[in-house]
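Reader: Please take one part of this model and go through it closely, residue by residue where that helps. I would like the packing and the burial treated together.

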Amino acid sequence: MATAFNVPASHIIVGLLVVLSNICVILALRKLRTIKKSTYFFIIQLTLGDLLLGILLLLKSILILCGYLKKSACVVLLSLSLLSLGLSSSAIMLLYFELFLAVKHMTLFRNPLNVYQTISLQACSVILWSIVS
């Protein structure tokens with residue numbers, strides 16, 4: 001049976017810091033309208049993935065403190081953690097890919113990626129990530 005002493009205070013502190021910092025990023029991005037739509041989409045995706053991971057860390061800590069963490073809850077939390085890590089890693093990969101295109105093809109990249117290209121890149125990264133893992 002899990003007790004309150006099994007949860008380090010650092011888990012709760014880190015979870016709160018992750019959630020608060022990602023909320024600050026979302027609020028800052030709402031004010032910033034000068035970046036391209038595709039970059040904005042990838043940064044929001046990265047922020048939401050990290051926000052989900054922080055919320056899951058807080059949820060796990062609360063469940064351990066209350067003594068409600070069972071095997072099925074562990075499986076669900078692990079699956080959601082892997083999903084948020086996949087979102088974050090694919091967002092980072094796509095941000096670097098977009099940066100590579102911007103540097104490699106400066107003249108062609110004056111027109112930013114449209115919504116359909118951004119969504120298709122995202123779909124390809126999710127498919128690639130699911131095949132690799």
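Author: S88 is buried, because its relative accessible area is 7% and the cut-off for buried is under 20%. This is a predicted model, and the values below are computed from it. S88 lies in helix α3, which covers residues 71-104.

Two pairs tie S88 to residues far from it in the sequence. T47 is 41 residues away along the chain, yet the C-alpha atoms of S88 and T47 are separated by 7.6 Å. F42 is 46 residues from S88 along the chain, with 9.1 Å between the two C-alpha atoms. F42 belongs to helix α2, so the pair of F42 and S88 links α2 with α3. F42 is itself buried, because its relative accessible area is 0%, against a limit of under 20%.

The helix axes give the setting for that pair. α2 and α3 pack with their axes 8 Å apart, at an angle of about 155°. α2 is therefore roughly antiparallel to α3, since angles over 145 degrees count as such. Where α2 passes α3, the crossing is left-handed.

On to the other partner of α2. Helix α1 spans residues 9-31, and helix α2 spans residues 37-66. The axes of α1 and α2 come within 8 Å and cross at roughly 155°. By the cut-off of 145 degrees, α1 and α2 are therefore roughly antiparallel to each other. The crossing of α1 and α2 is left-handed.

Two residue pairs are worth setting beside this crossing. I12 is found in helix α1, and L59 falls 47 residues from I12 in sequence. In space, I12 and L59 are 9.2 Å apart, C-alpha to C-alpha. The second pair starts outside the helix: P8 has its place in the segment before α1. P8 and S61 are 53 residues apart in sequence, but their C-alpha atoms are 8.4 Å apart in space.

How do I12 and P8 stand in terms of burial? I12 counts as partly exposed, because its relative accessibility is 30%. P8 is also partly exposed, because its relative accessible area is 35%. Both values fall between the limit for buried, under 20%, and that for exposed, over 50%. F42, by contrast, is buried at 0%, and S88 is buried at 7%.

I12 also takes part in a surface feature. Together with L16, L20 and L65, I12 forms a nonpolar patch on the surface. The accessible area of these four residues together is about 330 Å². Helix α1 gives the most to this patch, with three residues.

As for the whole chain, the protein has four helices and zero strands. From the N terminus on, its elements run α-α-α-α. The chain has 133 residues, and 28% of them count as buried. S88 is among the buried residues, and so is F42.

Taken together, the part around S88 reads as follows. S88 is a buried residue of helix α3, with its C-alpha atom 9.1 Å from that of F42. F42 lies in helix α2, and α2 crosses α3 with a left-handed sense. On the α1 side, α2 has another left-handed crossing, and I12 of helix α1 contributes to the nonpolar surface patch.

Key: Residues numbered from 1 in each chain as written. Predicted model: local features only at pLDDT ≥ 70, side-chain atom pairs only at ≥ 80, totals over all residues. Heavy atoms only, no water. Patch = residues over 30% accessible without salt bridge, like charges linked within 9 Å, V, L, I, M, F, W, Y side chains within 5 Å. Areas by Shrake-Rupley, 256 points an atom, 1.4 Å probe, with all protein chains shown as cover. Salt bridge = Lys/Arg side-chain N within 4 Å of Asp/Glu carboxyl O. Helix = DSSP H or I, 4+ residues; strand = E, 2+ residues; numbered from the N terminus. Buried < 20%, exposed > 50% of the residue type's maximum accessible area, 1.4 Å probe, protein only. Axes fitted to C-alpha atoms, helices over the stretch in contact; angles between N-to-C directions. Parallel < 35°, antiparallel > 145°, perpendicular 65-115°, else oblique. Left-handed = near helix turned anticlockwise from the far one by under 90°.
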